[in-house]
Amino acid sequence: MGPTASGKTACAIALVEAGLPVELISVDSALVFKEMDIGTAKPGAEELARAPHHLIDLISPEQAYSAAQFRDDALRLMARISARGRLPVLVGGTMLYFNTLQHGLHDLPQADPALRGALQADAARLGWPALHARLAQLDPATAARLQPHDQQRIERALEVCLLAGRPMSALLAGPAGAPLPYALHKLALVPGERAALHDRIARRFDAMLAQGLVDEVRMLRQRYALSPDLPSMRCVGYRQAWEYLDGDIDAAALRDKGIFATRQLAKRQLTWLRGMDDVTPLDCLTPDLPAQVVTRVRALTQDALAQTLDLGTLRP
């Protein structure tokens, strides 16, 4: 696990190339979209040939993919990988997915298209800060942790409040679903120096622009029936490129806003990581990071193999 630009993909590939008995499962809400390659920093064809990842390129940018779907898909894959005598390695930065996988899901109301349409119409007329203020009346605890322009989360929180007749924070305080039926070992790639990660983020976003991020978004708009409110186009980088193509910002603002949004994403990811228990932190800025990860995972695989052999001696 780790923030954007922390080197997760390189570490995952190193595990496979070290010959460890692992299979990789992507934990990334952006990598599920087909043809969104540059702005998501998706592993390239050559990298995927060397180290295949499950749960990449699942759906079109017109579609949505939920944390619940991820948990179902990940559990199915983990069972199959384990049955093959291999270890599932989950790699990515979508902390909500990690949290949902470990702790299960709360019984929240399903999405209601009619209600969402009404909320979006209100937002178009009044603005999202006004809907944030409405949420603060219905669910102060949830509103306090959301920004006034966090459209997706404000919409979902209001939807839950109105459908359930109770604050979403109260529902989330109750018991979740079944816990994960696996032992977890959490390796968190975190920066020893935040400024150095920020510099890496800036350099990577510049590389994305040079590789053709704007052209990629232009192609997606031509090929698919997209809108800026879809989850795919709310991804960092894509949202800013959309604004640029619409003429709302210039090239300099595209770069500045894209880098700022990516840094904010990294900040949120690190906040998630600080709240997780039993995490082993590794400095993502050290040059030998992939080797460190390989060493730790090799030890874990040996322990797992030893446990399997011990259990085997007990079977009739």
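**Buried side chains and salt bridges**

Me: Is Lys186 buried or exposed?
Reply: In this predicted model, Lys186 has a relative accessibility of 10%. The cut-off for buried is under 20%, so Lys186 counts as buried.

Me: Which residue meets the side chain of Lys186 in a salt bridge?
Reply: Side chains of opposite charge can pair when their charged atoms come close. For Lys186 the N to O distance is 2.9 Å, and the partner is Asp277.

Me: How many residues apart are Asp277 and Lys186?
Reply: Their side chains meet in a salt bridge. This pair links distant parts of the chain, with Asp277 in the loop between helix H13 (251-274) and strand E5 (279-283) and Lys186 in strand E4 (residues 186-190). While Lys186 is buried, Asp277 is partly exposed at 41% relative accessibility. In sequence, their separation is 91 residues.

Me: How many salt bridges are there by this rule?
Reply: The rule asks for a side-chain nitrogen of Lys or Arg within 4 Å of a carboxyl oxygen of Asp or Glu. One pair that fits is Asp277 with Lys186. The count comes to 21.

Me: In which helix do Glu46 and Arg50 both lie?
Reply: These two form a salt bridge, with the closest N and O atoms 3.0 Å apart. An α-helix has 3.6 residues a turn, so residues three or four places apart point the same way. Glu46 and Arg50 are 4 residues apart, about one turn, and the helix that holds them both is H2.

Me: Why do Asp122 and Arg134 tie together parts that are apart in sequence, and how many residues apart are they?
Reply: The side chains of Asp122 and Arg134 meet in a salt bridge at 3.2 Å, N to O. Asp122 belongs to helix H5 (residues 113-126) and Arg134 to helix H6 (residues 128-138), so this pair ties together parts whose separation in sequence is 12 residues.

Me: Of Asp122 and Arg134, which counts as buried?
Reply: A residue is buried under 20% relative accessible area. Arg134 is at 27% and counts as partly exposed. At 18%, the buried one is Asp122.

Me: Which residues are linked with Arg116 in a network of salt bridges?
Reply: Here the salt bridges join up as a network, rather than standing as the single pair Glu46 and Arg50 described above. Linked with Arg116 are Glu155, Arg156 and Glu159.

Me: Which residue from the UniProt "binding site" set is in the lining of the second largest pocket?
Reply: The unreviewed UniProt entry lists Thr4, Ala5, Ser6, Gly7, Lys8 and Thr9 under "binding site". From this set, the lining of the second largest pocket takes in Lys8.

Me: Which backbone oxygen does the side chain of Ser6 reach?
Reply: Ser6 is in the segment before helix H1 (8-17), and at 1% relative accessibility this serine counts as buried. Leaving aside neighbours within four places in sequence, Ser6 contacts Leu189, Arg200, Cys284 and Leu289. Its side chain also reaches, at 2.6 Å, the backbone oxygen of Pro3.

Me: Is Thr9 buried or partly exposed?
Reply: Thr9 has its place in helix H1, where Lys8, Cys11, Ala12, Ile13, Ala14 and Leu15 are buried. The relative accessible area of Thr9 is 28%. Buried means under 20% and exposed over 50%, so Thr9 is partly exposed.

Me: Which side chain makes a polar contact with the side chain of Tyr65?
Reply: Tyr65 is in the loop between strand E2 (53-54) and helix H3 (67-83), and counts as buried at 13% relative accessibility. Leaving aside neighbours within four places in sequence, its contacts include Val32, Leu55, Phe70 and Tyr97. The polar contact spans 2.7 Å, and the partner is Asp73.

Me: Which strands stand at the edges of the open sheet?
Reply: Three strands make up this sheet, in the order E2-E1-E3 with parallel pairing. Two of them have a single partner strand each, so one side of each is left without a neighbour in the sheet; these are E2 and E3.

Me: What is the bridge partner of Ile25 in E2?
Reply: Strand E1 (residues 22-27) pairs with E2 in the parallel sense over 2 bridges. For Ile25, the bridge partner in E2 is His54.

How values were computed. Residues numbered from 1 in each chain as written. Predicted model: local features only at pLDDT ≥ 70, side-chain atom pairs only at ≥ 80, totals over all residues. Heavy atoms only, no water. UniProt positions renumbered as here; feature names shortened; annotations may be inferred. 1 Å grid on protein atoms, 1.4 Å probe; cavity = no way out; pocket = protein on both sides within 12 Å on 5 of 7 lines; lining within 4 Å. Buried < 20%, exposed > 50% of the residue type's maximum accessible area, 1.4 Å probe, protein only. Contact = heavy atoms within 4.5 Å. Polar contact = N/O pair within 3.5 Å; in protein donor to acceptor, adjacent residues only side chain to side chain. Pairing = 2+ DSSP bridges.
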